[in-house]
Amino acid sequence: MLIGKKPARLLAIALTLCFGGSIVRGASDEIAPPDFAWWREARFGMFVHWGLYSEAGSVWNGHFLPGWSEWMLNRKKIPPAEYHAELTPRFDPVDFDADVWVRTAKDAGMKYIVITTKHHEGFSLWPSAVTDQDIAATKFGKPKTDGGRGRDPIRELADACQRHGLKLGFYYSLLDWSNPDYLPRREWDTRPTAGADYARYAQFMRAQVKELLDGRYGKIAVLWGDGDWEHGAREHTSDEIVAMARALQPGILVNDRWAQSGDYATPENKIPDAGLDRPWETCMTLNGSWGYARDDHDFKSAAVVLQNLADIVSKGGNYLLNIGPDGRGRIDPESLAVLASIGQWMHTHSSAIYGNGRALLSVPEWGRWTLALTSDGSAAINAHLFSAPKSGVLRLDGVIDDPTRVRVLGGEFESPTFRRKGPDLIVDLSPAAIEMIAKSSPHPVIAFDFASQPKILAAPTIVGDERLFVGSMIVRFFPPPLGATIHVTTDGSQPTAHTPAITPNAQGEYAIAIDHTATVRARTSWQNNMSNGETTINFSRSELSPAQTCGDRVGLDARVIVGEFETVPASTTFDSSKQSNTVESVTIPRGVPADRFAVQLRGMIDAPSSGVYRFEIASDDGSELWIDGIRVIDHGGLHGATPKIGDVALAAGCHEIDVRMFESVGSESLTLRWRPPSITKFAQIPEQSLHRRLNLKSE
Ligand code: JFZ
């Protein structure tokens, strides 16, 4: 995976050098790849929710409304005109000092800030040429010549970030409760919808995003979309917006809330159990609201935040911790106190956070392991001790190298020593150390320093993610730690020290060939000590599904049925369909109801070559992909627009395709991409590759 990305990165560096470090696009129009280097190093950022709702603080007509303050317009069913008329004149954040905000973030150890430039309420926090519902409509933002203060908070924040060396990202809401072109309207919103045009709204979004990214605010590191759930990517013109962002701001990171998967995932207010297999960032509130909420004093403690941070980093993710400054621009004293405590801990422990990621050690009962790899080649395994180990002992299973040093990062207790037991490192904690660990809050960290990346006798990694093959396939293993050996069985039995070891081939790769369906089990050993961990993967040999006659016209037949579905309906259920038409690609046909329907798309798909095809379906809600009567992807159930993949072996030529999806309520979407044999990336399925079948009843 990494190897595939390298040329692009090198190209970007080469371009940067050629053009004297300025940010330019190459003559080939090559777009710089998303720059994850700083983001992985940073690990910790500040989310800022700030807008008109901050002035209200969840108080409307004198009543405090618990919950998310930035949703007040919607929750109180306030007509947008009334909302803006009340809050725009009041919004005058004279206490706003961008340096204070940025220093607060920096002192807390945060490396980047993402601010809401426009939230669902539809108020732009910068002077925007394409709306009047913006900062320029307030006394704060009105030009001095018009009696205003002439201030632009986004500019002040951008400049302060620049001064203090923090990266800046822009949150932008696709959902907009105020823009007259935004549809659908809330049920209680009485503004006439005649003349409203979502395409024009999308154009407005493009104009606004352009303002934010065209360079007037300098280098912008992240475009953080949100509120994508009422329309699909095509209506939002997400592709155009994202392409524009990448062209204007080379290396910019785009999140996954543009009705498409983006560069990284953003689980919200929760930490995925085992992390995710793509870059990810959890955003979290500090109290119970994103925006300032006057009476919400239920703040997380620094200890909880720092355990979350260690948990996230141990799973390879980032943490975007939110603050909600008030309508005068002040960060409340409770948030400041928590951030200050976080900063104190970070001051002495940040080496166990920055640039850290997953360690190859299993999750311990007492806390989390993180692994730091530094640019000079040295490394550290960090034990984040949320509680004292029950056994009184820290075990670093399978860590073959000896650390050069063991340190208690904050010096809360005396650095322990280690002993070796075969492939394992053991640290016996003194009663005094155990007592200190139990007492310390936020948690203490013991760092194990290594001169170079430590060899860890973990379960071997299998390279690649092919699980289905035709004929025979080579299964490759990641090189084991130096001097360690890989033992592999293919008959389902557990590998032991007596299982013959595999030796590297002429290319230095550890690989075996299989020509039958097999369960591959692998362990590593070092000096006759077997790894505790084991890798088990099933590989299936498949025959190529034979090709059939192609259709003679492009497009797929679509059938729509209306009703309440919670699972993907069977094909025969669509026989009752009263609505059928043609689509040019795998998409939801026009004219479906807003909610409660199911769609079936049928036809032929033309495979350019023989081999294993991988498909990726993304749908909201559930979907299934069938090819030649084989269920390739089962993505059933109610969910958001999440992707799911499946493999199928196809002979070159045409095959029956049947895509079914259903939508309960909310937003709906459907996309299908493929990765043909020996291609490394997913791609759009060309429209010429989809054919209508001639023998369908509707013909
Ligand atoms: C959104 C906003 O509605 C909210 O006000 C806040 O800005 C937050 C960061 O993002 O809320 C969401 C968005 C996505 C999910 C849930 C709440 N989600 O994907 O589960």
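**Exercise 1. Find what share of the residues is buried, and place that beside the overall dimensions.**

Of the 699 residues in the protein, 53% count as buried, that is, with under 20% relative accessible area; exposed means over 50% and partly exposed lies in between (1.4 Å probe, protein chains only). Before going on, note that this is a predicted model, where local features need pLDDT of at least 70 and side-chain atom pairs count only at pLDDT 80 or more, while totals for chains, interfaces and linings use all residues. Residues are numbered from 1 along each chain as its sequence is written, and side-chain values use heavy atoms, leaving out hydrogens and water.

Next, take the dimensions. The C-alpha atoms fill a box of roughly 85 × 80 × 55 Å along the principal axes. A compact globule of 699 residues would have a radius of gyration near 27 Å, and the 28 Å of the protein agrees with this; the radius is taken over C-alpha atoms, and the globule rule is 2.2 Å times the number of residues to the power 0.38.

**Exercise 2. Work out which elements pack against helix α10.**

Start with the residues: helix α10 spans 238-248, and its buried residues are Ser238, Ile241, Val242, Met244, Ala245 and Arg246. Helices (H or I, at least four residues) and strands (E, at least two) are DSSP runs, numbered from the N terminus. Then look for contacts, meaning heavy atoms within 4.5 Å. The buried residues of α10 pack against α8 (198-213), α9 (233-236), β6 (222-226) and β7 (253-254).

**Exercise 3. Compare the settings of two salt bridges, then trace a network.**

A salt bridge is a side-chain nitrogen of Lys or Arg within 4 Å of a carboxyl oxygen of Asp or Glu. By this rule there are 41.

Step one: arginine 476 pairs with glutamate 509, with their closest N and O atoms 3.1 Å apart. Arginine 476 sits in strand β20 (473-477) and glutamate 509 in the loop between β22 (501-502) and β23 (510-514), so the pair ties together parts 33 residues apart in sequence. Arginine 476 is partly exposed at 33% relative accessible area, and glutamate 509 is partly exposed at 28%.

Step two: arginine 559 and aspartate 575 meet at 2.9 Å, N to O. Arginine 559 counts as buried, at 12% relative accessibility, whereas aspartate 575 is partly exposed at 45%.

Step three: aspartate 634 bridges to arginine 631, with the closest N and O atoms 3.7 Å apart. Both belong to a network of salt bridges that links Glu624, Arg631, Asp634, Asp658 and Arg660.
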